[in-house]
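Subject: Structure handover

Hello,

Here is the structure I said I would pass on. Please open it beside this message and follow along; my notes come after it.

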Amino acid sequence: MPVDRQHHRLAPGAPLRTRARRRAALALAVSALLGTAVTAGSPASAAPEQTPEAPAAAPGCSAAYRIEQTLDGGTTWRMCWHYNTLSGLVLDNVSYQPKGEPKPIPVLTSARLAQIHVPYDDGQEEYDDVTGTDFGLALQSLRPGECPGGTIKTVKVPDMGNVKGLCTTTRARGHAYRLANDEGTKVWQAQGKDLLVYTVNKASWYEYITEWRFGSDGTITANEGATGSLSPYDYNGGDGRGWPIGKGARGYAESHAHNVFWRLDFGLDGSSKAKVEQYDSKVTPPRGNGIPKTKTTRTAVTKELAGDAKSMRWWRVVSTAGKNKDGHPRSYEIVPGHTDKFPGRSFTRHDVYFTEYKKCEQYASDNPNCRDGAPTSVDKWVNGQTLKHPITWINIGFHHIARDEDQQPMPVHWQGFALVPRDVTAMNPLTPADLAGENGQPEEGS
Ligand SMILES: [Cu+2]
């Protein structure tokens with residue numbers, strides 16, 4: 001029975017990853033229970049990846065795999081989903097249609113988790129929680145109360161059967177905007193809503209919530225939440241690399257990092273061809289009694305890039321196939337959340353990667369899909385190729401030093417990023433009708 005994942009390698013000289021071994025044992029037990037062969041390591045057992053050339057506008061999926069939600073202001077998000085044995089939830093053909101747009105605007109061809117790398121501070125354990133545990137197989141069944149006001153969809157998990165494991169619902173986001181008129185006699189305000197799509201997957205004792213939000217204002221937010229329990233086998237943090245969470249100087253939970261990667265295949269305006277741009281702003285302090293000045297420069301990212309976040313630096317992916325009604329090319333800006341960049345591995349050393357699309361390049365580390373001998377991590381795929389069909393990889397790290405509150409269950413800690421529309425529409429997509437004429441410099445110039 002092929003319980004061992006072919007691709008699961010141990011780093012040379014690394015200690016045996018005990019958790020992976022325990023999970024393999026569990027998979028074996030489950031498999032015996034179900035009387036089925038466990039083929040978790042074979043990506044072939046997952047639903048096939050969407051081909052990048054697939055048209056992004058019309059969701060090409062049956063009703064069970066379709067998500068469609070109209071939000072405040074008339075914005076509609078549409079997408080398909082499928083389930084991957086390793087990384088779980090995959091969103092396909094995501095499109096955005098705010099009120100006033102005649103048709104859906106394709107945004108993403110594919111979006112999903114690409115790894116959760118968990119190195120412990122003492123160098124004794126290091127896990128790839130997506131490819132190296134039963135993450136994808138261990139989809140959790142959701143109780144109705146976990147998906148308030150929403151729908152829990154059934155997921156066919158290969159070898160595991162049907163799991164009521166995908167929640168789609170909406171959630172309030174507070175003010176979408178507010179504007180008072182000059183006389184103070186009128187206030188335009190709106191309360192925004194997000195479409196929320198999520199799953200919960202277990203990786204040993206941790207439970208990961210993979211959450212995607214789609215806002216009525218066009219923003220997409222991806223967050224990975226970690227909850228469940230601390231690893232009961234990693235309480236050897238009395239070596240100065242842990243934190244006591246028992247009484248007195250006891251129960252030193254070993255500190256560790258969660259380095260989460262996402263893989264995004266943009267399909268802006270239905271085309272896989274996109275441009276990538278980096279912006280940097282430099283502030284010059286004033287001379288004498290002057291005022292500081294700031295200069296922003298744009299750098300075209302024409303070749304594969306391992307990018308490092310920096311104050312006043314950002315990237316955007318720009319459509320080559322469509323413009324908004326102001327004649328500006330549509331784009332999405334990458335807005336990373338807080339990160340603790342982990343310099344311990346070559347693939348965790350950078351915050352964002354842009355690589356030229358290659359079908360087999362699916363996981364940021366421990367990638368099982370390319371030919372033998374091919375590099376298995378995203379940093380190695382950055383080798384000077386010209387970007388025609390860029391794939392975006394985002395790395396957000398969290399250094400987890402446990403605290404007393406982590407027992408029990410552990411409160412969710414979140415890490416993630418947003419994709420913010422930049423010139424996707426010519427105006428705020430939620431502009432109320434009586435302000436629709438206010439595009440560009442106001443006539444009063446005020
Ligand atoms: Cu943790």
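Strand 9 and strand 10 (residues 220-228) are paired antiparallel, with 9 bridges between them. One pair to look up is E211 and N223, where N223 in strand 10 is the bridge partner of E211. The two strands form a hairpin with 4 residues between them, and in that hairpin G218 has a positive phi near 95°. Please keep in mind that this is a predicted model.

Strand 9 also has a partner in strand 8 (residues 187-203): the two run antiparallel and are joined by 10 bridges. Here L196 stands opposite R213 of strand 9. This hairpin has 2 residues between its strands, and S204 takes a positive phi near 55° in it.

Is strand 9 mostly covered or mostly open? Strand 9, which spans residues 206-215, is mostly covered, as 8 of its 10 residues are buried.

One residue of strand 9 deserves a separate note, namely Y206. An unreviewed UniProt entry annotates Y206 as "modified residue: 2',4',5'-topaquinone". Such an annotation may be inferred rather than shown by experiment. Why does Y206 count as buried? The cut-off for buried is 20 or more other C-beta atoms within 10 Å. Y206 has 22 C-beta neighbours inside 10 Å, and therefore it counts as buried. Which residues does Y206 contact, once its neighbours within four places in sequence are left aside? They are A226 and G228.

On its other pairing, strand 10 is joined to strand 21 (residues 410-422) by 8 bridges, and these two strands run antiparallel. In this pairing I220 stands opposite L419 of strand 21.

Now for the whole sheet. It is an open sheet of 10 strands, paired antiparallel, in the order 6-7-8-9-10-21-18-17-14-15. Its edge strands are strand 6 (151-157) and strand 15 (293-301), each of which pairs on one side only. On average, neighbouring strands in this sheet are turned by 25° against each other, with direction ignored. As background, the strands of a sheet pair through backbone hydrogen bonds, and the pairing can be parallel or antiparallel.

If you want a place to begin, go to Y206 in strand 9, then step across to strand 10, which pairs with strand 9, and on to strand 21, which is joined to strand 10.

Regards

Technical notes. Residues are numbered from 1 along each chain as its sequence is written. This is a predicted model: local features need pLDDT of at least 70, side-chain atom pairs count only at pLDDT 80 or more; totals for chains, interfaces and linings use all residues. A residue is buried if 20 or more other C-beta atoms lie within 10 Å of its own, exposed if 12 or fewer, and partly exposed in between; C-beta atoms are placed from the backbone. Two strands pair if DSSP finds at least two bridges between them. Two residues are in contact if their C-beta atoms, placed from the backbone, lie within 7 Å. Axes are lines fitted to C-alpha atoms, for helices over the stretch in contact, and angles run from 0 to 180 degrees between N-to-C directions.
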